[in-house]
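Q: Could we go through this model together, one strand at a time?
A: Certainly; please put it on the screen.

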Amino acid sequence: AFGGWDEGAAANLFTVDDVAKTITSPALTADGNIRSYVDHEWIPAWWNAEFVPNAGVIEYRNDSGDDPSAIAGTTGQVITYMFDDNTASVQ
């Protein structure tokens with residue numbers, strides 16, 4: 001969510017590249033902490049599938065209920081996740 005928690009905002013959806021095996025966010029529209037999640041019918045709540053790009057790797061919240069590390073993002077940055085090797089970048 002960029003600047004709010006509107007799960008239905010099409011502008012917040014990531015782009016999937018099946019060839020490069022990456023998912024990439026749109027440019028951040030506000031400064032603040034980065035929080036990403038997967039939405040699927042069998043996931044009971046967004047926080048059960050939350051993850052962040054932490055120092056080049058993907059940090060998962062899992063089911064602990066504890067927030068993942070706070071990762072600062074600035075307006076204009078783009079997040080890319082590479083799930084095949086569990087890495088991430090913020091540029």
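Q: Which two strands form a hairpin, and how many residues lie between them?
A: The hairpin is made by β5 and β6, with two residues between them. A55 in the turn has a positive phi of about 55°. Strands here are DSSP runs (E, at least two residues; helices are H or I, at least four), numbered from the N terminus.

Q: Before we continue, what sort of model is it, and what was counted?
A: It is a predicted model, in which local features need pLDDT of at least 70 and side-chain atom pairs count only at pLDDT 80 or more, while totals for chains, interfaces and linings use all residues. Residues are numbered from 1 along each chain as its sequence is written, and side-chain values use heavy atoms, with hydrogens and water left out.

Q: How do β5 and β6 pair, parallel or antiparallel?
A: Their pairing is antiparallel, over four bridges, with β6 covering residues 57-60. Two strands count as paired if DSSP finds at least two bridges between them. Within this pairing, Y60 is the bridge partner of F51, and P53 stands opposite I58.

Q: And which strand pairs with β5 over two bridges?
A: That is β4, residues 36-37, again in the antiparallel sense. There, E50 of β5 is the bridge partner of Y37.

Q: Is E50 buried or exposed?
A: E50 is buried, because its relative accessible area is 1% (buried means under 20%, exposed over 50%, partly exposed in between, with a 1.4 Å probe and protein chains only). The strand as a whole is mostly covered, with four of the five residues of β5 buried.

Q: What does the side chain of E50 make polar contacts with?
A: One polar contact, of 2.5 Å, joins it to the side chain of R35. Another, of 2.6 Å, reaches the side chain of R61. A polar contact is a pair of N or O atoms within 3.5 Å; within protein, one must be able to donate a hydrogen and the other to accept it, and residues adjacent in sequence count only if both atoms are side-chain atoms.

Q: Changing topic: how many aromatic pairs are there?
A: The structure holds six. In one of them, F51 and Y60 are tilted, at 6.2 Å centre to centre and 50° between the planes. Rings of Phe, Tyr and Trp (its six-membered ring) pair if their centres lie within 6.5 Å; planes under 30 degrees apart count as stacked, over 60 as edge-to-face and the rest as tilted.

Q: Why is the pair of F51 and Y81 edge-to-face?
A: The ring planes of F51 and Y81 stand at 80°, with centres 4.9 Å apart, so the pair is edge-to-face. This pair links distant parts of the chain, as F51 is in β5 (residues 50-54) and Y81 in β8 (residues 79-82), 30 residues apart.

Q: Which of F51 and Y60 is buried, and which is partly exposed?
A: F51 is buried, at 4% relative accessibility, whereas Y60 is partly exposed at 35%.

Q: Which residues form the aromatic cluster?
A: The cluster consists of F14, F51, Y60, Y81 and F83.

Q: And how many residues does the largest nonpolar core have?
A: It has 10 residues, including F51, V52, I79 and Y81. β5 and β8 are the elements that give two or more residues to this core. The term denotes a set of buried Ala, Val, Leu, Ile, Met, Phe, Trp, Tyr and Cys residues joined through side-chain atoms within 4.5 Å.
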